[in-house]
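Student: I'd like a close look at the empty spaces inside this one, and at what packs around them. Could you take me through it in one go?

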Amino acid sequence: MNSPRTRPDGSSGPVLGQEGRGPLSQSLMPAERLERRTIRAGATLMSQGQAGDECYLLRTGSLEVSIADPGGDRRIGTLGPGSLVGEGALLTDELRNATVVATRDSEVIVLPRAALLEAFETDPGLETELGTLLSRRERPERAAGVLVHEQGTGGGEVIRVLEPPALGSYVRLAPPGWFIWQRLDGRHTIKDIVLESLDTEEPLAPGTIATALAELRRSGCVKTRALRTDVRTRQAPLRHRAALVLERLMYLELTWKGAGRFFGSLYLHGGHRLFRRPAPALLLVFALSGLFPFFLAGSRASLLLETPERSRPLLLVLVPALLVALVFHETGHALATVHYGRRVRSAGVGWHWLVPIAFVDTTDTWALGRRRRIVVSLAGPLTSSVLAGVASWAAVAQGNLFATAALWQFALIANLSLLSNLNPLKARDGYYVLSDLLERPNLRQRAFTALARIVPGLRADSPQWRMGWPEVLYGLSVLVFLAAATVSSIASYRVVVKAHIDRILPDDLAAALPWAIGLLIIVATVLWAGSHLRAARREIAAGPAPYRPQPVRPDGDRRG
Amino acid sequence: MISIMTNQPRAGLLKREEVATLLDRWTNDAAFERLLKSDPRAALESCGIRPSEELVAFIGGLDLSAPVQELQARLIR
């Protein structure tokens, strides 16, 4: 057991040379060539409002930190040996935000800017630690223009959703989060918020507030301090950059920023009629009625499809049919979003693992209640099923066998796309419906975090694990689905594709190719699942992401 | 940390001044949080607090999950 290290003056701070000190003091203390300065009791080390080009590491003695508030000076803490002070103004363009006075004779090591930057180079952990200190000492302030949406939950609790200015992320606040948000006025530190929360029924831990602030900063809802332009930002290691390039190639998306205006105009010029009663109900009935002609036309279409020579031209119809189905599907989502008064941020096309995709960004629907969000998610599948119905009815009405087969093939694609989209185990419409039904936003991310918690080496008995069984169940289901999808993909290649490849390639190569593709799918799946679990484990182990001031770009835009 | 650092019935384990001392230490020493997680007793004792078993157990089982959740982009495909 360690002996208590009470200081007579009640000051705090890591004690040099003993356990509990971090990489900060370890990196900076060996710098014997740095200037040491003695501060007599009562003397001021630095004053609020001054510019600062150096910070100080307290070696011996005690320092009192206070800030000038409209109501008078306010003491915010006392620092003991090992504490760093004055680093905020050193790294940012801001003036000193507090006054520091020695409460007894003290000695500090003076760290000019160059010494600190040099220490960053030799010790990567130092930058993280300084970021942590900055975030704990600052008085965070809400960003201008953040809108607050109130939403009720099934349990009678009021949830607030913050709509950030520009295109930042939406943020969901539980009641304690709202308590924190109301105190982000540029005057409260984390310590102040904790002390105020002690008088409530639900006192907050400082770590909880730090995590909340990290989320709010990332979303753009809280002002972020600007890093001085001469502080170099560290470049990611080569393997990380290579992985990023590979990921961008596998997940290519071409985004159309003007989609919001287009869909707004489409809604005004006729799209709104689809949402007038009884149009939605009629569309649903029509979509369901399409199943009958779909099966009827299927038996006729098979006459042509079973003859490879005659069915080959149908392949030419396949790609355009897929694109049309995708565009209609996304238009359904977009019009529903506009109908509820929200904007479509963007739309686009691309591929995921070489499979073509289309998307609309309906992030703005976070401002809606969950029922409306579910309607937006279901509008795409409903559009696909109406499209399938139209094609199916047209197929049975056709006398021409080729036209029947082509239309039936189109209906088949629309129906398969519908089923695929409703599968909640894929990050598609069904997933959003499920996560909204369960009132569990970011369900996939939470599921992998929950799974990572029960991987050996992490605490399986943590409160988060006990509370997160739906997430664990969902995460396990996703992994089982991935395994099944991988096996069925390999089987499909062997049964369907190999017959075609046999005609083009030599026998040995044709036999080996499906296995090679299968192996590729397995490796990709394992890497995908592994990377998600690793990311979740890193997040759990590291806690909230350390605060990093953003470098200012020449155009003044700080968003990454 | 904190439902025990109050004047509520469950409290009495920590005085308000002790909470302030812990907060000062947490604010100025990034390593303190790691120590608090790995060895709550040593962390509390390093601040001059003699902790009870209940306090140590409570600190060790803290749930620091945030009441704030960044909502991911809804890119509907």
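How many cavities of 30 Å³ or more does a search of the whole structure find?

Tutor: Keep in mind that this is a predicted model. Searching the whole structure turns up three cavities of 30 Å³ or more. Let's go with the largest cavity, which holds about 390 Å³ of space. Its lining is made of 30 residues, and those closest to its centre are A:V65, A:I76, A:N97, A:A98 and A:R137.

Where does that lining come from? In chain A, strand 3 (54–69), strand 4 (72–79), helix 2 (87–91), helix 4 (124–137) and helix 6 (190–197) each put in at least two residues, and so does helix 1 (16–28) of chain B. Strand 4 of chain A gives the most, with four residues. As for chemistry, the lining of the largest cavity splits into eleven charged, ten nonpolar and nine polar residues.

Now set that beside an open space, the second largest pocket, with a volume of about 650 Å³. Here 21 residues form the lining, and A:L274, A:F275, A:P280, A:L283 and A:L382 sit closest to the centre. Helix 10, helix 13 (314–339) and helix 14 (370–397) of chain A are the elements giving two or more residues, and helix 14 has the largest share, at eight. The make-up of this pocket's lining is 16 nonpolar, four polar and one charged.

A:F275 is worth a pause. You'll find A:F275 in the loop between helix 9 (259–268) and helix 10 (279–289) of chain A. Its relative accessible area is 23%, so A:F275 counts as partly exposed; the cut-off for buried is under 20%. Leaving out residues up to four places away in sequence, A:F275 touches A:Y267, A:P280, A:L335, A:A336 and A:H339. One of these contacts, A:P280, is also among the residues closest to the centre of the pocket.

Next, the filled parts. The largest nonpolar core has 38 residues, and A:L162, A:L173, A:W181, A:L184, A:I209 and A:L216 have the most contacts inside it. Both chains take part: strand 9 (171–173), helix 5 (175–182), helix 6 and helix 7 of chain A give two or more residues each, as do helix 1, helix 2 (30–38), helix 3 (40–46) and helix 4 (53–60) of chain B. Helix 7 of chain A has the largest share of this core, five residues. Take A:I209: beyond its sequence neighbours up to four places away, A:I209 touches A:I180, A:I190, A:I193, A:V194 and A:L204. Another core lies apart from this one, with 17 residues that include A:L314, A:A391, A:A395 and A:A405.

Stay with helix 7 for a moment, since A:S219 lies in it (residues 206–219). A:S219 counts as buried because its relative accessibility is 0%. A polar atom of the A:S219 side chain lies 2.8 Å from the backbone oxygen of A:L216. Past four places in sequence, A:S219 touches A:P164, A:G168, A:S169 and A:V171, plus B:E70 from chain B.

Finally, helix 16 (residues 429–437) of chain A is largely enclosed by the rest of the structure, because seven of its nine residues are buried. Those are A:D429, A:G430, A:Y431, A:Y432, A:V433, A:S435 and A:D436. After helix 16 comes A:E439, with a positive phi near 55°.

Key:
Residues are numbered from 1 along each chain as its sequence is written. Chains are lettered from A and ligands numbered from 1 in the order in which they are written. This is a predicted model: local features need pLDDT of at least 70, side-chain atom pairs count only at pLDDT 80 or more; totals for chains, interfaces and linings use all residues. Side-chain values use heavy atoms; hydrogens and water are left out. Buried means under 20% relative accessible area, exposed over 50%, partly exposed in between (1.4 Å probe, protein chains only). A polar contact is a pair of N or O atoms within 3.5 Å; within protein, one must be able to donate a hydrogen and the other to accept it, and residues adjacent in sequence count only if both atoms are side-chain atoms. Contact means heavy atoms within 4.5 Å. On a 1 Å grid over the protein atoms alone, a cavity is a set of points where a 1.4 Å probe fits but cannot get out, and a pocket is an open set with protein on both sides within 12 Å along at least five of seven lines; lining residues have an atom within 4 Å of a point. Grid points are joined across faces, edges and corners, and a volume is the space filled by probe spheres set on the points. Ala, Val, Leu, Ile, Met, Phe, Trp, Tyr, Cys and Pro count as nonpolar, Asp, Glu, Lys and Arg as charged, and the others, Gly among them, as polar. A nonpolar core is a set of buried Ala, Val, Leu, Ile, Met, Phe, Trp, Tyr and Cys residues joined through side-chain atoms within 4.5 Å.
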